[in-house]
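Trainee: I've got a structure open and a pile of terms I don't quite trust yet. Can we go through what earns each one?

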Amino acid sequence: MGRVGYFFLYLALGLVALFQIFPIVWLFLFSLKSNREIFAGSPFALPQEIRWENYLAVWDGGIGNYFWNSVWITALSILLTLLFASMAVFVITRMKWKLSKLVLGLFMVGLMIPIHSSLIPLFNMFLSVNLINNPISIVITYTAYNLPITMMILLGFYYTLPKEIEEAAIIDGASLHRMFFRIILPISAPVLATTAIINMIYNWNEFVFVNTFISSDRYKTLTVGIQNFVGQYMTDWGAIGATLVISVLPILVAFFFFSNKIVEGISSSAVKG
């Protein structure tokens, strides 16, 4: 490909990047406007008066508590999902036992269960064990629902691991648990980073389970807490825009710092022929 070809290639990639970045910039400008500017002015116009008080309003409205709930619920769910999925995939792919294929199939069935079909059974189950309006119910649900997709991504990577690594560890006297936690998990870091990002996007943006199982403002996450800024007669759209900006930032930061790990994890998890 000559210089002209590279020029048009980079031009096309630049246009794609522009279209990707524009909604984020537009949302940030939206969060700095008043209701009058939003509805009376052009949607693409710059704010006539920068209203940083929109961010102060959402903070005073409890956004800090919602943000913290989203952070610790998302982090704990990701940690449990990666740990349980790694253990399950290690046992299924690296050990020989009769029911390994059946157990793997049972996990993969989880990919075919729609979220909405499980709301009532899960609600009844959590109600019977007194976990309604308890964030633990959200952590359990996120962990269970993310296990199948996480295991599916990890499978390709674990199948490609050479057996010599485990054999050398066993010869050196490593126990099964030590081999898993000190050798296999560190090697799996790139693909674990990929699955962590996928889990983070789902957990951070999830709405249905939190809205169904949590009623107290004390335990609500960002996606549900944003409803507090929607009134019956008046809605502060600038404050809603500020809330959305705050909710998007962690995802963008995660992609910025782990983008290389994501690419490496996707390539390493591919099954080699």
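**Terms put to the test**

Mentor: Sure. Keep in mind that this model is predicted. Start with Asn134, which caps the N-terminal end of H6.

Trainee: What makes Asn134 a cap there?

Mentor: A side-chain oxygen of Asn134 lies 3.0 Å from the backbone nitrogen of Ile136. A polar contact needs N or O atoms within 3.5 Å, so this pair passes.

Trainee: How do you know that the length of H6 fits a helix?

Mentor: With 26 residues at 1.5 Å each, H6 should span 38 Å, and its end C-alpha atoms are 37 Å apart, which agrees. There is a kink of about 40° at Leu147, though, shortly before the proline Pro148.

Trainee: Why is H6 called largely enclosed?

Mentor: Because 19 of its 26 residues are buried, and buried means under 20% relative accessible area. H9 gets that description too, since twelve of its 17 residues are buried. Among them are Pro190, Leu192 and Trp204.

Trainee: What makes something a nonpolar core?

Mentor: Its members are buried nonpolar residues joined through side-chain atoms within 4.5 Å. The largest one here has 41 residues, and Met151, Leu154 and Tyr158 have the most contacts inside it. H3 supplies the largest share, eleven residues.

Trainee: Which residues does Tyr158 touch, leaving aside neighbours within four places in sequence?

Mentor: They include Phe90, Phe180 and Ile184. There's also a second, separate core of 14 residues, including Tyr142 and Phe209.

Methods. Residues are numbered from 1 along each chain as its sequence is written. This is a predicted model: local features need pLDDT of at least 70, side-chain atom pairs count only at pLDDT 80 or more; totals for chains, interfaces and linings use all residues. Side-chain values use heavy atoms; hydrogens and water are left out. Buried means under 20% relative accessible area, exposed over 50%, partly exposed in between (1.4 Å probe, protein chains only). Helices (H or I, at least four residues) and strands (E, at least two) are DSSP runs, numbered from the N terminus. Contact means heavy atoms within 4.5 Å. The expected span of a helix is 1.5 Å times one less than its number of residues. The bend at a residue is the angle between axes fitted to the seven residues ending there and the seven starting there. A polar contact is a pair of N or O atoms within 3.5 Å; within protein, one must be able to donate a hydrogen and the other to accept it, and residues adjacent in sequence count only if both atoms are side-chain atoms.
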